[in-house]
Amino acid sequence: MATTTYTVTGMTCGHCVGSVKQEIGKIDGVTSVDVDLASGRVTVDSTGELADSAVAAAVDEAGYALG
């Protein structure tokens with residue numbers, strides 16, 4: 001089990017949070033995604049190490065960027 005924290009920029013509301021959680025949640029191995037809107041902090045639990053490129057692509061797909 002691995003936990004990784006990222007910073008996502010551009011989120012402004014609950015819908016933003018939902019979009020980011022949904023896209024990151026699609027990555028193989030992700031078991032949970034917790035998003036703190038105020039800080040932009042996204043904590044991802046997974047069964048193993050995730051490729052940063054996969055997380056960046058998921059965040060981009062949601063319409064935001066890793067900070």
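# Exercises on a predicted model

Gly-40 touches Tyr-6, Thr-7, Val-8 and Met-11, leaving aside residues up to four places away in sequence. Keep in mind that this is a predicted model. Let's start with that glycine and work outwards.

## Exercise 1: Place Gly-40

Work out where Gly-40 lies and whether it is buried or exposed.

Solution.
- Step 1: find the spot. Gly-40 sits in the loop between β2 and β3.
- Step 2: look at its accessibility. The relative accessible area of Gly-40 is 4%, and buried means under 20%. Gly-40 is therefore buried.
- Step 3: check a distance. Gly-40 and Thr-3 are 37 residues apart in sequence, and their C-alpha atoms are 16 Å apart in space.

## Exercise 2: Sketch the whole chain

List the elements of the chain in order, then say how compact the chain is.

Solution.
- Step 1: count the elements. The chain has two helices and four strands.
- Step 2: put them in order. Starting at the N terminus, you meet β-α-β-β-α-β.
- Step 3: compare the radius of gyration with the globule rule. The chain comes out at 10 Å, close to the 11 Å that the rule gives for 67 residues, so it is as compact as a globular protein of that length.
- Step 4: add the dimensions. The C-alpha trace spans about 30 × 20 × 20 Å along its principal axes.
- Step 5: look inside. Of the 67 residues, 37% count as buried. Among contacts with a separation of 6 or more, 59% come from residues 24 or more positions apart.
- Step 6: bring in the record. An unreviewed UniProt entry carries the annotation "domain: HMA" for residues 2–67. That span is 35% helix and 35% strand, and its end C-alpha atoms lie 21 Å apart.

## Exercise 3: Find the buried face of α1

Work out which residues of α1 are buried and how they are arranged around the axis.

Solution.
- Step 1: get the helix itself. α1 covers residues 14–25, which makes twelve residues, and it reaches 16 Å from first C-alpha to last, close to the 16 Å expected at 1.5 Å a residue.
- Step 2: pick out the buried residues. They are Cys-16, Val-17, Ser-19, Val-20, Glu-23 and Ile-24.
- Step 3: look down the axis. The buried residues of α1 fall within an arc of 165°, so they line one face of the helix.
- Step 4: turn to the other side. There, Gly-14 and His-15 are exposed.
- Step 5: see what the buried residues pack against. The partners are β1 (2–9), β2 (30–36), β3 (41–46) and α2 (52–62).
- Step 6: zoom in on one residue. Glu-23 belongs to helix α1, and at 16% relative accessibility it counts as buried. Glu-23 touches Ala-58, Glu-61 and Ala-62, not counting residues up to four places away in sequence.

## Exercise 4: Do the same for α2

Name the buried residues of α2 and what covers them.

Solution.
- Step 1: list them. Val-55, Ala-58, Val-59 and Ala-62 are the buried residues of α2.
- Step 2: check their directions. They cover an arc of only 95° around the axis, which puts them on the same side of α2.
- Step 3: flip to the other side. Ser-53, Asp-60 and Glu-61 are exposed there.
- Step 4: find the cover. It includes β1, α1 and β4 (65–66).
- Step 5: step past the helix. Gly-63 follows α2, and its phi is positive, near 100°.

## Exercise 5: Count the disulfides

Work out how many disulfides there are, and why Cys-13 and Cys-16 do or do not form one.

Solution.
- Step 1: recall the bond. A disulfide is a covalent bond between the sulfur atoms of two cysteines.
- Step 2: apply the cut-off. The two sulfur atoms must be within 2.5 Å.
- Step 3: check the pair. The cysteine sulfur closest to that of Cys-13 is in Cys-16, 3.5 Å away, which is too far for a bond.
- Step 4: give the total. The count is zero disulfides.
- Step 5: compare their surroundings. Cys-13 is partly exposed, with a relative accessible area of 32%, whereas Cys-16 is buried, at 5%.

## Exercise 6: Finish at Gly-67

Say where Gly-67 lies and which residues it touches.

Solution.
- Step 1: locate it. Gly-67 is in the segment after β4.
- Step 2: judge its accessibility. At 74%, Gly-67 counts as exposed.
- Step 3: list its contacts. Gly-67 touches Thr-7, Val-8 and Thr-9, with residues up to four places away in sequence not counted.

Methods:
Residues are numbered from 1 along each chain as its sequence is written. This is a predicted model: local features need pLDDT of at least 70, side-chain atom pairs count only at pLDDT 80 or more; totals for chains, interfaces and linings use all residues. Side-chain values use heavy atoms; hydrogens and water are left out. The expected span of a helix is 1.5 Å times one less than its number of residues. Buried means under 20% relative accessible area, exposed over 50%, partly exposed in between (1.4 Å probe, protein chains only). The arc is that of the directions from the helix axis to the C-beta atoms. Contact means heavy atoms within 4.5 Å. UniProt positions are given in the numbering used here, feature names are shortened, and annotations may be inferred rather than shown by experiment. The radius of gyration is taken over C-alpha atoms; the globule rule is 2.2 Å times the number of residues to the power 0.38.
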